[in-house]
Amino acid sequence: MSKSIGLVGIGSMGRPMATCMARAGLDVALFDTDRDRATAVAEEIGARAVHSLSGLAASVPTVITMLPNSAIVEEVLFGKTDSLVAGMAEGGVIVDMSSGDPNATIGFGARLEEHGLRLIDAPVSGGVPRARAGTLTIMVGGDEAVFREADDILSAMGTATHVGILGAGQAMKALNNLVSAGGFLIGVEALLIGQKFGLAPDMMVDILNSSSGMNNSTKNKFRQYVLSRDFEAGGFALALMAKDVGIAMSVAHSTKTPAPFAAHCAEVWNAASRMLGPDADHTAITRMCETFAGTELATVARDDGA
């Protein structure tokens, strides 16, 4: 595969991903609806800015999309005024690294086939810190041969694993975040219960982390962002967590899998997004739980080394 790559979307995740690709020696072309941002980032990392989707697609054999949701991906792929489909040569590859709806992605793949284009989905986990470090976990769905073609590009950003059919990467990402979201909520509720009983929250976190209750939130979020009252865990917004949990529920519905706890989890995250605002960090859902409990967790100094 050519070492030229296009990237659509250079927000909080796309920007460090572009930096990693440029650092790996790839010829990176950037598109963003904010032209000034695209130009500035291109100059900063030694890439080039292209100010139309069709122009970007015509200049590279492979395009990555890193966008907020599947509706925006669809517009980028097939939009009436400007699109990737309008410019991309037959045989081109599109790698959707957005956290999208897997069922929508399957439909996009069928439509792209009509234009002689190939699609894989490759959402990521790890947040902005790991995007900067180039150590993302990348979950890839779609034709395995296309994955192998794109793996040298993906490896510039992290470690990619082929997980199944088209859409399987996005299903895996949503289910991962469902587990993360559920673990965070139940952990916060346990801290609130314990504090009202008389247990110190920081001591509880220590015990959880040496016991069977340990999870990613107890290890990497509670002291650092909750008990410190920082509520800034790498810039992953409440609305994005709510969206991903909602996608997990759509997978449950499409597979006719009963998931009562997941359904309740989705309702709570959606309520928090409405109550606290979609741009709030996902760890700020603690504030809603504290409101329900009628108490605020005791503050400890932020521990960056935990």
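Buried means under 20% relative accessible area, exposed means over 50%, and partly exposed lies in between. These classes are used throughout this report on a predicted model.

**Overall build**

The protein holds 14 helices and 9 strands. Its radius of gyration is 20 Å, close to the 19 Å that the globule rule gives for 306 residues, so the protein is as compact as a globular protein of that length. The C-alpha trace spans about 65 × 45 × 35 Å along its principal axes. Of the 306 residues, 51% are buried.

Contacts reach far along the chain. Among those with a separation of 6 or more, 65% join residues 24 or more positions apart. The protein exposes about 13,400 Å², and carbon and sulfur atoms supply 55% of that area. Charges number 23 positive and 33 negative. Their mean positions are 3 Å apart.

**Salt bridges**

How many salt bridges does the structure hold? The count is 10. Three of them are tabulated here.

| Positive residue | Negative residue | Closest N and O atoms |
|---|---|---|
| Arg 15 | Glu 44 | 2.4 Å |
| Arg 223 | Asp 206 | 3.1 Å |
| Arg 229 | Glu 296 | 3.5 Å |

Take the pair formed by Arg 15 and Glu 44. Arg 15 sits in helix 1 (residues 14-23) and Glu 44 in helix 2 (residues 35-45). The two are 29 residues apart, so this pair links distant parts of the chain. Arg 15 is partly exposed, with a relative accessible area of 35%. Glu 44 has a relative accessible area of 53%, and it is exposed because that value is over 50%.

Next come Arg 223 and Asp 206, also joined by a salt bridge. Arg 223 lies in helix 11 (residues 222-226) and Asp 206 in helix 9 (residues 201-208), so the pair ties together parts that are 17 residues apart in sequence. Arg 223 has 16% relative accessibility. That is under 20%, so Arg 223 counts as buried. Asp 206 is partly exposed at 41%.

The third pair is Arg 229 with Glu 296. Arg 229 is in the loop between helix 11 and helix 12 (238-254). Glu 296 is in the segment after helix 14 (285-293). They are 67 residues apart, and the pair links distant parts of the chain. Arg 229 is buried, with a relative accessible area of 17%, whereas Glu 296 is partly exposed at 48%. Salt bridges that share partners join Arg 229, Glu 290 and Glu 296 into one network.

**Helix 14 and its surroundings**

Glu 290 also appears among the buried residues of helix 14. The others named there are Ile 285, Thr 286, Met 288 and Cys 289. Against which helices do the buried residues of helix 14 pack? They pack against helix 8 (168-197), helix 11, helix 12 and helix 13. Just after helix 14, Gly 294 takes a positive phi of about 75 degrees.

Helix 8 contains Asn 177. Is Asn 177 buried or exposed? Its relative accessible area is 6%, which is under 20%, so Asn 177 is buried. Leaving aside neighbours within four places in sequence, Asn 177 is in contact with Phe 236, Met 241, Asp 244 and Val 245.

Helix 13 (residues 260-276) contains Asn 270. Asn 270 counts as partly exposed, at 34% relative accessibility. The C-alpha atoms of Asn 270 and Ala 239 are separated by 7.5 Å. Along the chain, these two residues are 31 residues apart.

**Positive phi outside glycine**

Phe 231 is not a glycine, yet its phi is positive, at about 50 degrees. Phe 231 lies in the loop between helix 11 and helix 12, the loop that also holds Arg 229. Phe 231 is buried, with a relative accessible area of 5%.

Lys 256 is another residue other than glycine with a positive phi, near 55 degrees. Its place is in the loop between helix 12 and helix 13. Where Phe 231 is buried, Lys 256 is exposed. The relative accessible area of Lys 256 is 73%, which is over 50%, so the residue falls in the exposed class.

Definitions and conventions: Residues are numbered from 1 along each chain as its sequence is written. This is a predicted model: local features need pLDDT of at least 70, side-chain atom pairs count only at pLDDT 80 or more; totals for chains, interfaces and linings use all residues. Side-chain values use heavy atoms; hydrogens and water are left out. Helices (H or I, at least four residues) and strands (E, at least two) are DSSP runs, numbered from the N terminus. The radius of gyration is taken over C-alpha atoms; the globule rule is 2.2 Å times the number of residues to the power 0.38. Buried means under 20% relative accessible area, exposed over 50%, partly exposed in between (1.4 Å probe, protein chains only). Contact means heavy atoms within 4.5 Å. Accessible areas come from the Shrake-Rupley method with a 1.4 Å probe; for residues, only the protein chains shown count as cover. Lys and Arg count as positive and Asp and Glu as negative; His and the chain ends are not counted. The place of a charge is taken as NZ of Lys, CZ of Arg, CG of Asp or CD of Glu. A salt bridge is a side-chain nitrogen of Lys or Arg within 4 Å of a carboxyl oxygen of Asp or Glu.
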